[in-house]
Amino acid sequence: MSYRLFLSVTLAALLLMWGGASFASDAGTPLDGAKQVAQFSDMKGAGAAADAQGDASDYDDFDDMDEYADTETLIADPLSGVNLVMFHFNDAMYHAIFKPVATGYAWAVPPAPRQWVRNFFTNMLYPVRFVNNILQGKFDAAYMETSKFIANTSWGLLGFADVTSTMKRNWEPERPTADGLGQTLGKAGIGHGIYIVWPFIGPSSIRETAGWLGDSYLDPLSYGDLSFVEFMAIRAYKNVNTLSLQLRGNEYEALTEGAIDKYAAVRDAYIRFRAKKVQE
C-alpha cells in the first residue's frame, strides 16, 4: 500500500469515527491542572509552524494556559484504557530510546548543523502554513510566509539557513501564522471528537488527527519516491533532531515528573493548548 493510499484510507476512517463521536461536546468538567507538556510527537497541528523562528513553538506558551482554563470542557475519553497503554508505551520509548538517541546525537553533532536541519524541514512545510493561513483568513501571515519561503529557499540554500530571521521587518502579521488543518477545523467550529493517543506520535483527537493527515497531503515529502519505511525514517530523524535542540528545560519532563497522574496531566494540557491555538 502506498503512503498516500494509506493516508486516504485512514482519513476516511477517522471521518466516520468523527460522526459517531458527537457526544464528546457534552463530556467532562472544566480543565485545570497542568500548564506544560511537550511530547516527542509530530502531532502538534502538523508541526508546520512549530519549529519556525519568530513563531511560538507548539509548547512554548504553557505558562499562560490559566487564561484558557475555561475555554473547553474536558475531552471525551472513551478509549482511556487503550490510550493509557499507548501513553505508557510512548513514555517508555521517550526515556529509553528517543531521549538517549537525541542526547547522543546532540553530543556528536554541533548545534549549528542541527539548527540548519530544523530550518530545512520548517521551510519545506511552507505549503501547510500558506494554505491554512488562507483558509483562516490570515492573508497577511500568508504573505509573510511566502516572502520568507522565497528568501530562505533562494538565498538560504533551500532553507538550511534562515536568512529572514535577522532581517528588519516593517510590519508583522496581525495574528500568529497558521498551525495546521487541525487549528483550521477548530476555528470552523468543529469539536475534537474523542481523545486519542497514537503510538510514537502522542496525544491527539479525531479532529487533530484528521488535520494532521490532511496536512500530510501538503507536505512535499509525501510526494517523494519513498517507501513507507523510508518516509517514517525521515520523520523520525526530523523528530530526533528537533528533540536534540530541546533537551534543556524539556516541558514534557517538567510536567510528567511532578504529576500525580501523568496521563491526565498530558491530556488536559494538550487539549488546553489546542484551545489556545484555535483562539489565535
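# A friendly walk through the chain

Biologist: R235 is buried, with a relative accessible area of 11%, and I see that this is a predicted model. Which side chain does the side chain of R235 make a polar contact with?

Modeller: Let's place the residue before we look for its partner. R235 sits in helix α8, which covers residues 228-244. Its relative accessible area of 11% falls under the 20% cut-off, so R235 counts as buried. From there, its side chain makes a polar contact at 2.6 Å, and the partner is the side chain of D219.

Biologist: Let me step back to the whole chain. How many helices and strands does the chain have?

Modeller: You can follow the elements from the N terminus on: α-α-α-α-α-α-β-β-α-α-α-α. Counting along that order, the chain has 10 helices and 2 strands.

Biologist: What share of the 280 residues in the chain is buried?

Modeller: Start with the outside: the chain exposes about 13100 Å², with carbon and sulfur atoms supplying 64% of that area. Inside, among contacts between residues at least 6 apart in sequence, 81% join residues at least 24 apart. As for buried residues, their share of the 280 in the chain is 51%.

Biologist: Which element of the chain has the highest mean pLDDT?

Modeller: For the chain, the mean pLDDT is 79, and 73% of the residues reach 70 or more. Helix α1, residues 3-19, has the lowest mean of the elements, at 50. Over residues 13-41 the pLDDT is below 50, though this stretch has 87 contacts in the model beyond near neighbours in sequence. The highest mean pLDDT among the elements is 97, and it belongs to α4.

Biologist: Now the rings. How many aromatic pairs does a search of the whole structure find?

Modeller: One way to picture a pair of aromatic rings is by the distance of the centres and the angle of the planes. The search covers the whole structure, and its count of aromatic pairs is 10.

Biologist: Y126 and F149 form one aromatic pair. How many residues apart in sequence are the parts that this pair ties together?

Modeller: The two rings are 4.4 Å apart centre to centre with 15 degrees between the planes, which makes the pair stacked. Y126 lies in helix α4 (residues 126-135) and F149 in helix α5 (residues 139-154), so the pair ties together parts of the chain whose separation in sequence is 23 residues.

Biologist: Which of these counts as buried, Y126 or F149?

Modeller: The cut-off for buried is under 20% relative accessible area. F149 has 26%, so it is partly exposed. At 12%, the one that counts as buried is Y126.

Biologist: And Y195 with Y263: is that aromatic pair stacked or edge-to-face?

Modeller: Y195 is in strand β1 (residues 195-198) and Y263 in helix α10 (residues 262-279), so the pair ties together parts 68 residues apart in sequence. Both tyrosines are buried, and ring pairs link them with F87 into a cluster. The centres of Y195 and Y263 are 6.1 Å apart and the planes make 70 degrees, so with over 60 degrees the pair counts as edge-to-face.

Biologist: Helix α3 runs over residues 111-124. Which elements do the buried residues of α3 pack against?

Modeller: At 1.5 Å a residue, the 14 residues of α3 should span 20 Å, and the end C-alpha atoms agree at 20 Å apart. Its buried residues include R114, V117, F121 and M124. Those that are buried pack against α2, α4, α5 and α8.

Biologist: α5 has 16 residues. Which helices are included in what covers its buried residues?

Modeller: From first C-alpha to last, α5 reaches 23 Å, close to the 22 Å expected. Among its buried residues are A141, M144, K148 and N152. What covers the buried residues of α5 includes α3 and α4.

Biologist: One last stop. What distance separates the C-alpha atoms of H95 and E253?

Modeller: H95 belongs to helix α2, residues 80-108, and is partly exposed at 36% relative accessible area. Leaving out residues up to four places away in sequence, H95 touches P100, Y252 and E253. Although H95 and E253 are 158 residues apart along the chain, the distance between their C-alpha atoms is 9.7 Å.

Technical notes. Residues numbered from 1 in each chain as written. Predicted model: local features only at pLDDT ≥ 70, side-chain atom pairs only at ≥ 80, totals over all residues. Heavy atoms only, no water. Phe/Tyr/Trp six-rings, centres within 6.5 Å; stacked < 30°, edge-to-face > 60°. Helix = DSSP H or I, 4+ residues; strand = E, 2+ residues; numbered from the N terminus. Buried < 20%, exposed > 50% of the residue type's maximum accessible area, 1.4 Å probe, protein only. Expected span 1.5 Å × (residues − 1). Contact = heavy atoms within 4.5 Å. Polar contact = N/O pair within 3.5 Å; in protein donor to acceptor, adjacent residues only side chain to side chain. pLDDT = per-residue confidence, 0-100. Areas by Shrake-Rupley, 256 points an atom, 1.4 Å probe, with all protein chains shown as cover.
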